Amino acid sequence: MRSGAGFDAGAGLGAGGGGGARTDSAAGTSAEPRRAPAHPQGARRVLVIVPAWNEAAGLAAVLKELRTAVPWADVLVVDDGSTDFTAATARTAGAMVARLPYNLGVGGAMRTGYRYALDHGYDAAVQVDADGQHDPAYVPALLAALDTADLAVGARFAGVGDYRVRGPRRWTMRLLSLVLSALAGTRLTDSTSGFRACNADLIAFFARWYPAEYLGDTVESMVGALRRGYHVCQVPVAMRPRAAGAPSQSAGRALVYLARTGLVLLLALTRRVPAPTRADLPRMPRTPGAHR
């Protein structure tokens, strides 16, 4: 995919390594990332992808927490066509920045991040939202789960924290949990969570195919991975209120959310996934000594 994104590697959030990369707005994926220190448990190279749309108000705090929680990881903020100072805030905080020319949604922003991770040989990628709801302290637990899984999802309804939903949203979550758990052969309670980590094999898969439609970045991407033979697990996490900005969904739209989610699930289960199965994909080269 040629995203058309402009990359500004800046200083990077990793505590060690060489200088920043050049900006190349034409190629979109040719910037060289600053190398962070190795994972404390091995040589795994990790890219944290932060999709952000007009999140300047709370982004600096999120990046500061990431620097504390995973100082050995590289951080790429994908500015999804923001009209505020999101990109400048990310650069000031020392993150690499990819600027999309217009808003593509979380799916388009994440596919840009996965393509960058693929082109630069990362062993794992983690999605952390820019609104402060995802606690970076759980990132090491998500990465540890990749020792036995291809995709680890941070689950809000797995016994940690006090996150609750009611009414139609609760019914939706239960429906998704029932269907996705059956498909995965293991309990999955939070298929709409965007707090997730994946290994190099899924980076290659998502770089080639990642839905950009409504709920495609969460529900359909997980269904697609499961249908192609990847192993998905969940990690209990506690979610927090948004640090800034407005939520994308409101209580008044709960019934519409239920109907649309059902349609997304039906399409995800039936329509063709235009990507090879896991068995058909070449095994991604890994850094020597890296964890799976």
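The following legends describe an overall view and several close-up views of a predicted protein model.

**Figure 1. Overall view of the predicted model, with its eight helices and eight strands.** Of the 292 residues in the protein, 55% are buried. The accessible surface amounts to about 12000 Å², and carbon and sulfur atoms supply 56% of this area. Among contacts between residues at least 6 apart in sequence, 76% join residues at least 24 apart.

**Figure 2. Confidence of the prediction along the chain, given as pLDDT.** The average pLDDT of the protein is 78, and 63% of the residues score at least 70. Residues 15–38 stay under a pLDDT of 50, although the model has 69 contacts beyond four places in sequence for this segment. Residues 284–292 also stay under 50, and for them the model has 30 contacts beyond four places in sequence. Where pLDDT is low, the predicted coordinates should not be read in detail.

**Figure 3. Close-up of the aromatic cluster that includes Phe205 and Phe206.** The structure holds six aromatic pairs. The ring centres of Phe205 and Phe206 are 5.6 Å apart and the ring planes meet at 55°, so this pair is classed as tilted. Phe205 and Phe206 are both buried. Phe205 also forms a tilted pair with Tyr230, with 5.2 Å from centre to centre and 50° between the planes. Because Phe205 belongs to helix H6 (residues 200–208) and Tyr230 to the loop between helix H7 (216–227) and strand S8 (232–236), the pair ties together parts that are 25 residues apart in sequence. The relative accessible area of Phe205 is 1%, which means that Phe205 is buried. Tyr230, with a relative accessible area of 4%, is buried as well. Ring pairs link Phe205, Phe206 and Tyr230 with Tyr114, Trp209 and Tyr210 into a cluster.

**Figure 4. Close-up of Ile203 in helix H6.** Ile203 has a relative accessibility of 1% and therefore counts as buried. Beyond its neighbours within four places in sequence, Ile203 is in contact with Tyr114, Ala117, Leu118, Tyr122, Asp123, Ala124, Ala125 and Cys198. One of these contact residues, Tyr114, is also a member of the aromatic cluster. The C-alpha atoms of Ile203 and Arg111 are separated by 9.2 Å, while the two residues are 92 apart along the chain.

**Figure 5. Close-up of Arg45 over the ring of Tyr122.** Arg45 lies over the face of the Tyr122 ring, at 4.2 Å from the ring centre. Tyr122 is also among the residues in contact with Ile203.

**Figure 6. Close-up of the salt-bridge network of Glu65, Asp135 and Arg240.** Six salt bridges are counted in the protein. In one of them, the side chains of Arg240 and Glu65 meet with an N to O distance of 2.9 Å. Arg240 lies in the loop between S8 and helix H8 (254–270), whereas Glu65 lies in helix H1 (residues 56–69), so this salt bridge ties together parts that are 175 residues apart in sequence. Arg240 counts as partly exposed, at 26% relative accessibility. Glu65 is likewise partly exposed, at 29% relative accessibility. Arg240 forms a salt bridge with Asp135 too, where the N to O distance is 3.9 Å. This pair links distant parts of the chain, 105 residues apart: Arg240 is in the loop between S8 and H8, and Asp135 is in the loop between strand S5 (124–127) and helix H4 (139–145). Asp135 counts as buried because its relative accessibility of 18% falls under the 20% limit.

**Figure 7. Close-up of the salt bridge between Asp190 and Arg156.** The side chains of Asp190 and Arg156 meet at 2.6 Å, N to O. Asp190 is placed in the loop between helix H5 (167–184) and strand S7 (196–199), and Arg156 in the loop between strand S6 (151–155) and H5, so the pair ties together parts that are 34 residues apart in sequence. Both Asp190 and Arg156 are buried. In general, side chains of opposite charge can pair when their charged atoms come close.

Methods. Residues numbered from 1 in each chain as written. Predicted model: local features only at pLDDT ≥ 70, side-chain atom pairs only at ≥ 80, totals over all residues. Heavy atoms only, no water. pLDDT = per-residue confidence, 0-100. Contact = heavy atoms within 4.5 Å. Phe/Tyr/Trp six-rings, centres within 6.5 Å; stacked < 30°, edge-to-face > 60°. Buried < 20%, exposed > 50% of the residue type's maximum accessible area, 1.4 Å probe, protein only. Helix = DSSP H or I, 4+ residues; strand = E, 2+ residues; numbered from the N terminus. Lys NZ or Arg CZ within 6 Å of the ring centre and 35° of its normal. Areas by Shrake-Rupley, 256 points an atom, 1.4 Å probe, with all protein chains shown as cover. Salt bridge = Lys/Arg side-chain N within 4 Å of Asp/Glu carboxyl O.
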